[in-house]
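Me: I'd like to practise reading a model with you. Can we go through it feature by feature?

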Amino acid sequence: MNGAMNGAIKRVITVTPNPAIDLSYHVAGITPGASHRVAAPLSRAGGKGLNVARVAHQLGHPVLALAPSGGAAGAEFAAELRSSGVPHRLIPVAADTRRSIALVDTVGGETSIFNEEGSPLQPSEWQALATAVVDALHIDNPDGQSAGVLVGSGSLPPGAPADFYPALVRLAHDAGIPAVVDTSGPGIVAAARAGADLLKPNNHELLEATGESSLDVAARRLIALGAKTVLVSAGAEGMLAFHDAAPGGYWSARLPEPLSGNPTGAGDAGVAAAAVALADGITDIPTILRRATAWSAAAVLMPAAGEISPLYADLEDQLILSWKETR
């Protein structure tokens, strides 16, 4: 899985503009308005791009995770990331790194997530992050691993440049590599207009961003704007793949039965699968869809975001893959 088609090893570069310390509490039943005694949470450096890097790194693919980090929470964030072994570069900023809290109800089988918004960064700090991206794209690391794909993931903090994700797409294309963007709202529309190679919204994010009521129409709208591929997490329907070269329909991949577990980070695992495939030179959409769906499902079986179950290959074998005509 680690070698690109020409034999060279290509890194997955991830950018997380609004990272967080992820705190995951497991609770045996949640009663609104009541007190709950819980064990200490699982705490780790998180944010969507960090989760992507963790999953790819877990499976042995070379990665480099880029993110800003600041304040006392940022020091905790940096320490955990160092201990994880995930290759990274953190850009020092003045603002405190935010926190994200997941309450996993082990009885009800539901997860509630509370995300802090994040704090604004200074213009010089945004420039430092952009410079780090350029360096990562154009400077080989000591092992001779060049960049194979650039992934931009997650929300933007208040006051972020409106063209942050389009700028990432342009930087990737200037470096001759594909760009993957996983965000929501106006950012995903802007990334489509910039020509992102792959967008990865969930069904709610896709409909909200486009104002459409049909997933097919919404995805085709992003492709008409300039996106090449749109992967959509669609709940019980599994995952859908729309491609600019296949206007008459879309691919669907799902398990025979939905899995129960913690869905936090499942979408990020799907992004990791797609990014690894693109870095390895794989462009076949059904192949990317199968891998992304299997890795996403395998993440549901794990207690926290940023890791997947070793059963991912077995899950891929169980997938039901089909082509849906829309004309």
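Me: Which side chain of opposite charge is nearest to E125, and how far away is it?

Reply: Start with the terms: Lys and Arg count as positive and Asp and Glu as negative, with His and the chain ends not counted. A salt bridge puts a side-chain nitrogen of Lys or Arg within 4 Å of a carboxyl oxygen of Asp or Glu. Here the nearest one is R89, 14 Å away, and E125 has no salt bridge even though E125 is buried. Buried means under 20% relative accessible area, with exposed over 50% and partly exposed in between (1.4 Å probe, protein chains only).

Me: What does the side chain of E125 have within 2.8 Å, then?

Reply: A polar atom of that side chain lies 2.8 Å from the backbone nitrogen of Q122. E125 itself is found in helix α3, residues 123-138. Helices (H or I, at least four residues) and strands (E, at least two) are DSSP runs, numbered from the N terminus.

Me: And which residues does E125 touch further off in sequence?

Reply: Leaving out residues up to four places away, E125 touches I91, P92, V93 and A94; contact means heavy atoms within 4.5 Å.

Me: On to the sheet: what is the strand order?

Reply: Two strands pair if DSSP finds at least two bridges between them. The order is β5-β4-β1-β8-β9-β10-β11-β12-β13-β14, an open sheet of 10 strands with mixed pairing. β5 (88-92) and β14 are at the edges with a single partner strand each, so one side of each has no neighbour in the sheet.

Me: How is β13 held between β12 and β14, and how many bridges are there to each?

Reply: β13 runs antiparallel to both: three bridges join it to β12 (residues 239-243), and six join it to β14 (residues 320-325). L240 has S252 as its bridge partner in β13, while G249 stands opposite E325 in β14. A hairpin of five residues links β12 to β13.

Me: Is β13 (residues 249-254) mostly covered or mostly open?

Reply: Mostly covered, with five of its six residues buried.

Me: How far should I trust all this?

Reply: This is a predicted model, where local features need pLDDT of at least 70, side-chain atom pairs count only at pLDDT 80 or more, and totals for chains, interfaces and linings use all residues. Residues are numbered from 1 along each chain as its sequence is written, and side-chain values use heavy atoms, with hydrogens and water left out. pLDDT is the predictor's confidence in each residue, from 0 to 100. The protein chain has a mean of 92, and 96% of its residues reach 70 or more. Over residues 1-6, though, pLDDT stays under 50.

Technical notes: A polar contact is a pair of N or O atoms within 3.5 Å; within protein, one must be able to donate a hydrogen and the other to accept it, and residues adjacent in sequence count only if both atoms are side-chain atoms.
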